[in-house]
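Q: Please take a close look at one part of this protein, namely its salt bridges, and describe where the paired residues lie and how far they are covered.

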Amino acid sequence: MKIPFYKPPITIYDYLEVFKTIRTGWLTTGKRNREFVNLLSRFLGIREDRLKLVSSCTAGLHLLYDAFNLKGYEVIIPSITFVSAVEMAIHTGIKPVIVDVEDEYITISLEDVSRRISKNTKAIVPVHYAGNTYDVEGIKLVSRDYNLVVIEDSAHAFGVEYNGVKVGDTERLGVDASVFSFYATKTLQTGEGGLISTHNYEVMDKVSKTYLHGMDKDAWKRYQDNISIYDITEIGFKYNFPDILAAIGIAQLKNFEKAQKERERVWNFYQSSLKDIEGIRLPKVRPNTKHSYHLFVIRLNLEMWSIDRNRFISLLSERGVGTSIHFTPVYRFSKYSEVLNLSPSDFPVSEKVFSEIVSLPIYPSLSNRELEYVVETIRSLWLKYRR
């Protein structure tokens with residue numbers, strides 16, 4: 001049996017929405033973009049003027065760094081995350097300060113954040129890792145004490161709730177901004193794309209210009225006004241979100257709740273079927289959190305295995321089970337280690353976590369037969385390679 005790490009939940013409705021868009025003759029940012037924003041607004045319970053679709057979560061982070069005027073300051077970012085937050089910080093002229101994660105949920109370590117804050121620190125970029133919340137209350141307290149901006153990396157968090165409030169509702173959660181990813185493997189996917197949410201109207205006003213070259217009118221608005229004249233009021237970027245991708249998002253969002261129930265089914269299957277394997281540590285959901293079921297990350301209790309994590313992954317692959325690793329810590333990449341002068345010894349928890357983590361397949365179309373095969377394969381490896 002061959003089970004890939006991920007399959008996007010594409011249905012006939014995705015094809016129909018894309019076809020409808022192609023038939024209009026308008027493929028770039030326009031009417032369908034606005035329709036998608038309206039649906040997102042209703043789902044998240046956030047006013048449309050607090051949302052901006054952009055070309056990626058990476059782009060959203062870049063735009064927010066710029067809009068919050070963070071150039072020349074320090075921004076705190078956890079070590080176990082995708083490199084986007086660090087990459088865009090460097091491009092913006094920000095010094096990224098990398099901090100360790102806490103062990104239980106693999107989210108930003110409040111203790112290390114407090115230790116690394118300096119007089120030049122201006123912002124924190126906490127990550128909702130794998131679809132779990134970080135220590136929201138703790139980060140809010142630190143940010144208030146030191147007057148720091150909080151920009152949530154919510155790439156894994158579409159559909160997450162904390163204390164009954166959806167991530168993205170920045171005002172109710174007490175953060176400054178949040179950025180989602182609609183990359184091909186996310187819980188809501190459009191292939192590429194992202195969404196900025198903020199209740200800071202000055203920031204949103206700037207983002208609404210800088211995301212498209214600093215223009216005061218996009219192509220759709222100029223088309224509606226029957227005049228092509230526009231002004232450039234900001235030095236901007238090219239980060240707009242086209243209608244062809246919005247069409248996919250519209251179809252995906254209409255099917256989102258159904259897809260999430262299937263993700264939850266997969267999550268629960270793993271939890272119940274793997275709980276008796278002593279050599280595996282299963283993921284936990286932080287209290288007061290509704291998880292997004294984006295990733296199912298197990299951890300190997302390595303002292304109980306005669307093989308390491310990489311060999312475990314190779315053996316699963318040989319047996320047809322696709323996996324992934326989320327993520328290689330930022331400091332382990334040669335360029336970032338060089339540029340930021342980082343050492344693994346400064347991140348003891350991240351080092352331990354990285355040596356143990358394996359992401360298992362989790363997507364709506366996984367059948368119970370496929371899930372049984374994944375579990376049986378893991379169990380057979382445990383019986384063969386346990387100490």
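A: The following account deals with the salt bridges of this model and the elements they join. The model is a predicted one. Across the whole structure, 28 salt bridges are found.

Arginine 299 is a suitable place to begin. Its partner aspartate 103 forms a salt bridge with it, and the closest N and O atoms are 2.7 Å apart. Because aspartate 103 belongs to the loop between β3 (95-99) and α5 (110-116), while arginine 299 belongs to strand β12 (residues 296-300), this pair ties together parts that are 196 residues apart in sequence. Aspartate 103 is partly exposed, at 27% relative accessibility, whereas arginine 299 is buried, at 4%.

Arginine 299 also forms a salt bridge with glutamate 356, with 2.9 Å between the closest N and O atoms. Glutamate 356 lies in helix α14 (residues 348-356) and arginine 299 in strand β12, so this pair ties together parts 57 residues apart in sequence. Glutamate 356 is itself buried, with a relative accessible area of 6%.

A further salt bridge joins aspartate 276 and arginine 379, whose closest N and O atoms are 3.2 Å apart. Here, too, distant parts of the chain are linked: aspartate 276 is in the loop between α11 (256-274) and β10 (280-281), and arginine 379 is in helix α15 (residues 368-385), 103 residues apart. Arginine 379 counts as partly exposed, at 27% relative accessibility.

Finally, salt bridges also link residues into a network, which comprises Glu17, Lys20, Arg32, Glu35 and Lys254.

Technical notes. Residues numbered from 1 in each chain as written. Predicted model: local features only at pLDDT ≥ 70, side-chain atom pairs only at ≥ 80, totals over all residues. Heavy atoms only, no water. Salt bridge = Lys/Arg side-chain N within 4 Å of Asp/Glu carboxyl O. Helix = DSSP H or I, 4+ residues; strand = E, 2+ residues; numbered from the N terminus. Buried < 20%, exposed > 50% of the residue type's maximum accessible area, 1.4 Å probe, protein only.
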